[in-house]
Amino acid sequence: MSLFYTFENRLVLHGLLKTTTGLRIGAGRSLQPTGTDLPVLRDALGRPFVPGSSFKGVLRSCIEALLRSLAREGQQNRWACNPLEDAERCITPEQIGTKKLGLRGQQDADLKLTAWVTDNTCMACHLFGSPWLASHVQIRDWLVDETFWLGQFQERDGVAIDRDTETASAQKLYSYEVVPAGTAFEGVIVVENGARWQLGLLMAGLNEFERGSLTLGGASSRGLGGVQLAWDWSRSRYVASEQLLDYLEDPESAGQSPADLRDDWKRAMWSKLTEMLSAHNDSNETGGV
Ligand SMILES: [Zn+2]
């Protein structure tokens, strides 16, 4: 979507993600005869990185869990659906097909379809996207910070579990590679045209990364995947539409620091969620929708 077409606001967050334990984001099985059995993912220059999609997946799950825990019984799917199962999406492929058929030949069919999709999409899909709605959030790959990276990977031994006896078998050792604790990755998160309450919801999820309570990659049961996020506020900006001209002139300094706005966004999120809960109560009292 063009920046000028519907520019309402843009949030750009620069962050540093530091591993607090070994991190294992696998690249599949090694094809080389020597070396580790299970190498980590590397970029074209052989450095480890954290794919934006991996980070986004964990962030989305965290926000979905938050929304579901706050929603009333029976409303969980309207707040955050299960995007991994087509039949459990807030709008299923069948529903969209039926709706399209029903609108065929009508005036403003596209507009009506868009309005219907907007009304029936859960809050998680509104923020992170669905097959029928674009995501507001883009997360780029987290690239290793060269100042801290010494080019070292660690190799660990795993013990394969015998499926028949469910015991560890000393004959079945394998090695896997991890990125060591203390490795730092730099990343950028861009949010286009997010409503204030949506930015609050996003910050609530990102807060969990700041507190170090989410893990990335595989083998978290073995104590891997610990990360801690810190923001670089000096490079992070929030630009509203009235600041667009300043932004075009100087993207680095236009707008405001998100650090000054995030409490306000969180308040907007709480009032939105409270409003949704009371709207649900009202609709119950009048016999439901
Ligand atoms: Zn959904």
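## Exercises on helix packing and a zinc site

In this predicted model, the residues Q95, I96, K99, K100 and L103 of helix α3 meet A109, K112, L113, W116 and V117 of helix α4. The exercises below start from this contact.

**Exercise 1.** Determine how the residues of the contact of α3 with α4 divide by character, and how the two helices are oriented to each other.

*Solution.* Begin with the residues of this contact, which divide into six nonpolar, one polar and three charged. Next, take the axes of α3 and α4 (residues 109–120), which come within 10 Å and cross at roughly 150°. Angles over 145 degrees count as roughly antiparallel, and α3 and α4 are therefore roughly antiparallel to each other. Finally, as to handedness, α3 passes α4 in a right-handed crossing.

**Exercise 2.** Work out the orientation of α1 relative to α6, and name the residues that make their contact.

*Solution.* Helix α1 covers residues 52–70 and helix α6 residues 196–210, and they pack at an angle of about 115° with their axes 9 Å apart. That angle makes α1 roughly perpendicular to α6. On the α1 side the contact is made by F55, V58, L59, C62, I63, L66 and L67, while α6 contributes L201, L202, A204, G205, L206, E208 and F209. Sorted by character, the residues of this contact comprise 12 nonpolar, one polar and one charged. The crossing of α1 past α6 is right-handed.

**Exercise 3.** Identify the protein donors of the zinc ion, and describe the geometry of its site.

*Solution.* The first step is to list the donors, which are the SG atoms of C81, C90, C122 and C125, lying 2.3 Å from the zinc ion. Along the chain these donors follow the spacing C-x8-C-x31-C-x2-C. Distant parts of the chain are linked by the pair C90 and C125, 35 residues apart, with C90 in the loop between α2 (76–79) and α3 (93–103) and C125 in helix α5 (residues 123–128). The last step concerns the angles among the four donor atoms, which run from 107 to 113° in a site that is tetrahedral. For comparison, the ideal angle for four tetrahedral donors is 109.5 degrees.

Notes:
Residues are numbered from 1 along each chain as its sequence is written. This is a predicted model: local features need pLDDT of at least 70, side-chain atom pairs count only at pLDDT 80 or more; totals for chains, interfaces and linings use all residues. Side-chain values use heavy atoms; hydrogens and water are left out. Axes are lines fitted to C-alpha atoms, for helices over the stretch in contact, and angles run from 0 to 180 degrees between N-to-C directions. Helices (H or I, at least four residues) and strands (E, at least two) are DSSP runs, numbered from the N terminus. Angles under 35 degrees count as roughly parallel, over 145 as roughly antiparallel, 65 to 115 as roughly perpendicular and the rest as oblique. A crossing is left-handed if the near helix is turned anticlockwise from the far one by less than a right angle, and right-handed if clockwise. Contact means heavy atoms within 4.5 Å. Ala, Val, Leu, Ile, Met, Phe, Trp, Tyr, Cys and Pro count as nonpolar, Asp, Glu, Lys and Arg as charged, and the others, Gly among them, as polar. Donors are N, O and S atoms within 2.8 Å of the metal (3.2 Å for Na, K and Ca); water is not among the atoms, so sites may look incomplete. Four donors count as tetrahedral if all angles lie between 85 and 135 degrees; four count as square planar and six as octahedral if opposite donors are over 155 degrees apart and all others between 65 and 115; anything else is irregular.
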